[in-house]
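Me: Please guide me through the structure shown below by means of questions and answers.

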Amino acid sequence: MRQFLNERLPLTEFSAHLRKPLPKHINLLFSLGSLAMFLLILQAVTGAFLAFYYSPSPEHAHNAVTYISTEVPFGAFVRGLHHWGASAMVIIVVLHLLRVVLYSSYKAPRELTWIFGVLLLLVVLGFGFTGYLLPWDEKAYWATVVGVEIASTAPGLGDFVAKVMRGGTEIGAVTLSRFYALHTIWLPWLAFGLVGVHLFFVRYYGSSGKPENTPEEMKTGKPFYPDQVFEDVVGMLILFVALAAGALFMPVPLEDVADPTNADYDPRPEWYFLFLFQLLKYFQGPFEILGTFVIPTVGMLLLLFLPFLDRSERTVLWKRPIALTVTSLCVVGIVALTILGGTSKKLETTDVAVQETTQPTEQIQGAATPETEQVDEGEAVFDFQLTEEEIENAVEVEEEQQ
Amino acid sequence: MEKRGRRSFLEIITAFIGGIISLAAGIPLIGFAISPAFKKAESKWVDLGLADRLKNSRFKKVDYTFTAKDGWVQATKKRSVYVTDVGNGEWSVFSRICSHLGCLVRWDEKQESFLCPCHGAIFDKTGAVIAGPPPEPLQKLETKVEAGILYVKET
């Protein structure tokens with residue numbers, strides 16, 4: 001069998017390529033990229049399986065997710081792996097990015113590797129944003145309402161972009177359908193394409209190693225396979241055990257089905273968007289656009305073009321005072337805003353129970369008394385809607401009077 | 001030599017851990033995907049109508065609906081059967097689904113047979129295969145009459 005394959009495929013060359021030595025002194029931080037790749041595959045596989053039981057329509061989505069979580073064997077586990085895997089993905093990708101900043105691995109000749117890596121970070125956040133609408137619960141709905149409204153504040157095309165995202169003027173069936181398409185078709189294709197290019201650059205330029213590596217040390221470390229792969233696989237096992245434990249012991253929450261009239265709900269995004277959620281509170285009135293558009297966009301552009309902005313000689317972060325200060329401020333700022341956003345008090349309102357029912361339809365003779373439904377929280381809800389029969393009666397009465 | 005032995009060991013351990021992760025993720029995922037195949041179909045009695053109105057020595061086509069759980073949906077299912085009373089309070093109710101590949105058969109009064117429009121299957125009035133490729137007779141549904149209403153067992 002081996003001979004058969006050897007005669008047809010360049011397996012010997014491939015094996016030699018895999019065994020190429022890495023730079024010396026590579027540590028566990030260099031496994032973060034492999035862990036991100038592992039999580040991307042795990043998300044793709046668990047997502048593909050979840051799609052067996054999911055239906056992207058407002059009438060079905062919430063019931064389908066409930067069905068997965070409560071009735072399908074292993075359903076809660078598979079959904080748990082996908083849910084906690086998404087959070088792990090954001091953490092690992094950000095840690096991977098910080099490792100690259102720490103050893104200034106983004107510098108020449110690896111600028112393109114960095115740019116494709118930052119694009120992948122955006123895709124990961126895109127996965128998060130499009131993914132949490134899919135359960136169609138209160139959190140899904142309201143976090144998406146706020147997210148799309150943020151996009152609408154972009155100058156010039158904001159309103160247009162928001163309409164394209166929603167597939168109309170409000171979040172509904174078309175929104176859910178296109179978020180599902182983005183989450184399961186467009187973004188995965190984009191992600192695997194970007195990963196392909198990113199990996200090509202990683203292999204083409206080789207691992208960056210540590211800044212202190214001499215040219216000789218860059219070629220005399222342990223081989224990628226099996227030494228580095230072994231460490232990567234151990235990391236994957238630890239990560240998988242942690243995710244499986246999360247899936248088994250921390251059930252993924254599913255709130256009530258999305259209700260566009262539920263004013264009692266306090267919208268909160270997923271934890272990885274909390275920093276942005278919190279940031280928006282500090283920019284009010286005409287300065288709103290700073291929080292919604294200017295800071296996120298400028299921040300992302302700076303990150304994307306970092307290799308061209310930081311032209312200093314390659315060295316570790318703590319020997320680069322400006323880079324160290326900026327990175328530390330960004331990390332501390334984002335962590336602090338996330339904590340503030342997560343611990344911010346939810347809105348407390350004093351319910352005003354309206355006892356007196358005003359009935360504008362009383363003026364219409366013949367119209368039935370409107371139904372008044374009292375909700376548990378004390379706030380009265382009025383339903384003045386008339387049945388078709390009642391409307392016909394009212395029209396007849398009016399015509400008779402004329 | 002020692003280094004080579006260590007590398008072979010690492011290769012084996014790497015493959016072993018990779019296998020463990022694949023199995024730990026793969027078994028639940030496959031169980032998740034194929035579980036409907038192990039789900040027992042629920043059976044229920046569905047009324048076809050008043051037995052007196054259905055009494056007929058010739059086959060009568062009857063369409064009926066019933067509600068059943070379909071995944072996360074309480075769905076309204078439609079079915080079509082051929083009904084005839086064979087005397088002594090006995091009923092023959094045949095599913096119209098051809099036992100070959102699922103097309104709907106039609107009763108032909110002249111030939112006194114059920115004909116399948118897909119692959120030429122022919123069943124006699126007892127549901128037995130006369131011609132064509134079906135491996136089994138037409139499915140005969142279980143019946144009962146209660147309070148003058150004819151019921152069939154839906155599975």
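**Elements and contacts**

Me: How many strands does chain B have?
Reply: This is a predicted model, in which local features need pLDDT of at least 70, side-chain atom pairs count only at pLDDT 80 or more, and totals for chains, interfaces and linings use all residues. Residues are numbered from 1 along each chain as its sequence is written, and chains are lettered from A and ligands numbered from 1 in the order in which they are written. Helices (H or I, at least four residues) and strands (E, at least two) are DSSP runs, numbered from the N terminus. Beside its 2 helices, chain B has 10 strands.

Me: Which residue of E10(B) is the bridge partner of Val145(B)?
Reply: Strands E9 (residues 143–146) and E10 (residues 149–154) of chain B run antiparallel and are joined by 4 bridges; two strands pair if DSSP finds at least two bridges between them. They form a hairpin with 2 residues between them. The partner of Val145(B) in E10(B) is Leu150(B).

Me: Which helix gives the most to the side of chain A that touches chain B?
Reply: In all, 26 residues of chain A are in contact (C-beta atoms, placed from the backbone, within 7 Å) with 19 residues of chain B. Helices H3 (32–50), H4 (61–70), H5 (75–102) and H10 (224–249) of chain A each supply at least two residues of that side. With 10 residues, the helix that gives the most is H10(A).

Me: What is the radius of gyration of chain B?
Reply: This value is taken over C-alpha atoms, and the globule rule is 2.2 Å times the number of residues to the power 0.38. A compact globule of 155 residues would have a value near 15 Å, but chain B has 26 Å.

Methods:
Contact = placed C-beta atoms within 7 Å.
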